[in-house]
Structure formats: C-alpha cells, structure tokens
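Visitor: Hi! Could you walk me through this one? I'm new to reading structures.
Guide: Happy to. Here it is, so ask away.

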Amino acid sequence: MAIYLSVKAFNETDLVKRAWFLVFQVLVGVLLCALPFLVERLLKIKASSFFKKTYWLFILLSIFLGTGLAFYLKVRYWDKSLHAFSGMMLVVLGLGLLSRLMPRFKHLSTATILLFTFFFAMTLGVYWEFYEFTFDGLLGLNMQQFATITGRDLVGRQSLMDTMGDLFANAIGASLFVLYCHFKFKKEPNWLEIFYFTANK
C-alpha cells in the first residue's frame with residue numbers, strides 16, 4: 001500500500017504535501033504494528049493478548065483501510081465508529097497500565113478503577129484531536145472536517161461538528177465498555193485480570 005501511494009504521490013501536482021503525508025501515515029502504521037513488542041522488550045512487561053489483538057485491529061481499520069484506502073471518505077460513519085472503538089480500546093489500555101503502575105492494584109474499588117480508565121480514554125481522545133488540529137494547520141489537511149470537500153470553510157457550529165462528534169463517539173465507546181466491565185466484574189470478580197499487564201521476565 002505504501003508503494004502504491006508513493007507512486008501516486010510522485011505523479012501528484014496539486015496536493016503534493018498531502019499525498020506524501022498519506023504515504024508517511026501508512027509507513028508509520030507499519031511501524032506501529034511492532035510497537036507492542038518493542039514496549040514489552042523495553043519495559044519488561046507483557047501486554048494482554050486481548051489488548052494486542054484489539055490494537056492491531058484498530059491499526060488495520062484506521063490507518064490501512066481508513067487512511068490508506070480512504071474509507072474515511074468512502075464509508076459513512078467510518079470515522080465515528082473508529083472513535084467509539086478507540087474509546088473501548090483505550091479503556092483496556094488504561095486497565096493494563098494501572099495494573100503495572102500500582103502493584104497494590106486490588107485494594108482499589110471497582111468504581112475507582114473504572115473511573116480512572118474512563119478518564120484515561122477521554123484524555124487520550126482529546127490528545128488525538130490536538131494531533132488532527134496541529135497537522136491540519138501545518139499541512140493544510142482537513143482531518144477535523146472544518147471545510148467541505150470542495151474547500152469551502154464551514155462557519156460557526158458547523159465547523160465544530162466533526163471534532164465534537166469525535167469526542168462524543170469516544171465518550172460513548174468508553175462509557176459502554178466501562179459499563180460492560182462493571183457488570184461483568186460483578187458476576188466474575190477475576191474477569192478484569194484478562195486485561196492486566198504482567199512482568200515479562
């Protein structure tokens with residue numbers, strides 16, 4: 001996919017920076033596939049199998065299909081669905097990190113654990129919007145959908161709809177998964193342990 005997009009970028013005359021940024025994003029996606037193994041080796045931890053599979057699925061859907069093959073433009077609500085999915089995935093990441101940062105993890109109440117993971121997911125969702133805002137400005141992109149496909153700038157509330165919709169989707173995804181974790185935990189007290197990160201000896 002990166003080779004294909006590179007060929008297209010060489011032949012691009014009008015939106016050269018945007019075309020090469022697309023190639024860059026796909027190449028970063030390839031590198032990000034190896035990130036769990038790198039983190040495990042450097043920090044000497046073992047991420048949960050559930051998190052790694054969820055993470056790779058997200059990379060496939062967001063970078064390779066969403067960005068590389070332009071599913072964000074071709075498939076309605078692809079972006080919003082992924083923001084909801086990322087909210088769930090970030091809750092799982094929050095659970096894993098908390099299990100390593102606090103060795104006495106089990107003394108915390110379930111409500112404390114789940115509130116932490118919810119706000120962790122929301123914070124990273126906000127940082128993602130910072131990323132989109134920054135590169136929209138630097139490279140003339142439209143990731144935050146502040147303009148129409150024809151290039152007409154949206155005004156007022158319309159210009160906020162995409163960004164706020166992303167944050168709402170992230171919040172909905174995180175909230176639903178936290179609620180699911182809550183009810184599942186009440187039935188199976190050890191269930192959350194499938195998300196924990198363990199020491200990698």
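Visitor: Let me start with one residue. Is Gln145 buried, partly exposed or exposed?
Guide: Gln145 is partly exposed, because its relative accessible area is 33%. Buried means under 20% relative accessible area, exposed means over 50%, and partly exposed is in between (1.4 Å probe, protein chains only). Before we go on, this is a predicted model, where local features need pLDDT of at least 70, side-chain atom pairs count only at pLDDT 80 or more, and totals for chains, interfaces and linings use all residues. Residues are numbered from 1 along each chain as its sequence is written, and side-chain values use heavy atoms, with hydrogens and water left out.

Visitor: Got it. Where is Gln145 found?
Guide: In the loop between H7 and H8. Gln145 has a positive phi of about 50°, although it is not a glycine. Ala70 is also not a glycine and has a positive phi, of about 60°. Ala70 sits in the loop between H4 and helix H5 (71-74).

Visitor: What do those H labels mean, and how many helices and strands are there?
Guide: The protein has eight helices and two strands. Helices (H or I, at least four residues) and strands (E, at least two) are DSSP runs, numbered from the N terminus. Along the sequence, the pattern reads α-α-α-β-α-α-α-α-α-β.

Visitor: And what size of box do the C-alpha atoms fill?
Guide: Roughly 60 × 40 × 25 Å, taken along the principal axes. Of the 201 residues in the protein, 41% are buried.

Visitor: Let's go inside, then. Which residues have the most contacts in the largest nonpolar core?
Guide: Phe51, Val91, Leu95, Cys181, Leu192 and Phe195, in a core of 41 residues. A nonpolar core is a set of buried Ala, Val, Leu, Ile, Met, Phe, Trp, Tyr and Cys residues joined through side-chain atoms within 4.5 Å. The elements giving two or more residues to this core are helix H1 (2-10), H2, helix H4 (49-68), helix H6 (78-101), H7 and helix H8 (157-187). H6 gives the most, with nine residues.

Visitor: What is Phe195 in contact with, leaving aside its neighbours within four places in sequence?
Guide: Ser48, Phe50, Val92, Leu95, Gly96, Phe177 and Cys181. Contact means heavy atoms within 4.5 Å. Phe195 counts as buried because its relative accessible area is 1%, and Cys181 is buried too, at 0% relative accessibility.

Visitor: You mentioned a cysteine. How many disulfides does the structure hold?
Guide: Zero. A disulfide is a pair of cysteine sulfur atoms within 2.5 Å. Another cysteine, Cys33, is partly exposed, with a relative accessible area of 27%.

Visitor: Changing topic: how many aromatic pairs are there?
Guide: The structure holds 17 of them. Rings of Phe, Tyr and Trp (its six-membered ring) pair if their centres lie within 6.5 Å; planes under 30 degrees apart count as stacked, over 60 as edge-to-face and the rest as tilted. Phe21 and Phe135 make a stacked pair, 5.3 Å centre to centre with 20° between the planes. Their pair links distant parts of the chain: Phe21 is in helix H2 (residues 16-32) and Phe135 in helix H7 (residues 110-139), 114 residues apart. Phe21 counts as buried at 7% relative accessibility, while Phe135 counts as partly exposed at 25%.

Visitor: Can you show me an edge-to-face one?
Guide: Sure. Trp191 and Phe195 form an edge-to-face pair, 5.1 Å centre to centre with 90° between the planes. Trp191 counts as buried, at 12% relative accessibility.

Visitor: Back to helices. Which residues of H1 are buried?
Guide: In H1, Ala2, Leu5, Ser6 and Ala9 are buried. Seen down the axis of H1, they fall within an arc of 105°, so they line one face of the helix. The arc is that of the directions from the helix axis to the C-beta atoms. The buried residues of H1 pack against H2 and H4, and the face turned away from the buried side carries the exposed residues Ile3 and Tyr4.

Visitor: Last one: what does the side chain of Asp162 make a polar contact with?
Guide: The side chain of Lys80, at 3.0 Å. A polar contact is a pair of N or O atoms within 3.5 Å; within protein, one must be able to donate a hydrogen and the other to accept it, and residues adjacent in sequence count only if both atoms are side-chain atoms. Asp162 is found in helix H8 and is buried, with a relative accessible area of 10%.
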